[in-house]
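Hello,

Here is the structure I promised to pass on. Have a look at it first, and then read my notes below.

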Amino acid sequence: MKPVGLCLVGLLLVGLCLSSVEGGRRSHHRKTKRDTGVHIEIYYPKGLMVWYPHRTGMAGFGIEIFLNQRHLIDDEAVCDICLNTTELTYGKYVLRSDDAIVRGGDHLMYNAIKQKVNGTAYIMRSNEFYVAESRILSQQAKCPPQSRPTSGSSAERIATLEEEVNALETIVYDVFQHCNNITQISKNLYLNFRPAEATRLDSKQLFNYTRNVLKEMLPKIDWDAVLINAFYYEDGVAFEVKTLIDKLKVLQMSKNFTQFTVNDLDDMETTTEGNEIEDY
């Protein structure tokens, strides 16, 4: 090869090497400047935590979370979970909601809001996703304090125990019947009654409404601990209880109701085709 050709090849190789080095520098520069983003942790049966690292010029951080509102336009959407803080915890802004109810399959959309030291605030990031079951963390169940036995005669206490034993025997029988008929049992029930308001309630309002109705129907059940979730379904309201035993107990205790009935949502879903659970 002639000297001129060798020089051209050498210059070409030098140029390629310089381009690779410069490109690597630019790539490394982008990587170091990359924002770690918003971190969201979802807990079962309730709870949600959001944190964001402190940045220069930040005075606070907030978030607006919208659950299953993808069918609404922006003007109609109202955040189900609205949180903000100006306090730092180990260099992070940490937001918590102990009452938040988020389930696998829910559509979650959020606006992350940055508050600057000069008092201005703006949405620095928006995102949306469907919640995967794998990203939901289980909280360790807390045992409620044991209540002391109420005063009364021995005959009254014995009669109460006999009623509970009979109810448990019926529940166990129903468990065996269910296990023989289906392979999977949910903790969902159906109440053939819904609010009469013209506008639909949001998830938190519907949960409180359903809890109040159930407290009137079955006051012996501690609904503050048993009720986990409530959502619209067909012409009524479906709700989730904490355990399968809770579900069977509710079904057993509501058999003789005449005004409002409670049904097993599993049975309704297997006999009804083409009906989908609504977004709430």
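**The hairpin and what surrounds it**

In the hairpin formed by β10 and β11, two residues lie between the strands, and E234 there takes a positive phi near 50°. Strands here are DSSP runs of E with at least two residues, and helices are runs of H or I with at least four, numbered from the N terminus. Please keep in mind that this is a predicted model, where local features need pLDDT of at least 70, side-chain atom pairs count only at pLDDT 80 or more, and totals for chains, interfaces and linings use all residues. Residues are numbered from 1 along each chain as its sequence is written, and side-chain values use heavy atoms, leaving out hydrogens and water.

β10 and β11 run antiparallel and are joined by six bridges; strands pair if DSSP finds at least two bridges between them. F231, for example, has A238 in β11 as its bridge partner. β9 also runs antiparallel to β11, with four bridges, and N188 is partnered there by E240. Six of the six residues of β11 are buried (under 20% relative accessible area, 1.4 Å probe, protein chains only), so β11 is largely enclosed by the rest of the structure.

Now to the largest nonpolar core (buried Ala, Val, Leu, Ile, Met, Phe, Trp, Tyr and Cys residues joined through side-chain atoms within 4.5 Å). This core has 25 residues, and those touching the most other members are L189, L191, M217, W223, F239, V250 and V262. Among the elements that give two or more residues are β9, β11 and α5, while α3 gives the most, with five.

Enjoy exploring!

Conventions. Buried < 20%, exposed > 50% of the residue type's maximum accessible area, 1.4 Å probe, protein only.
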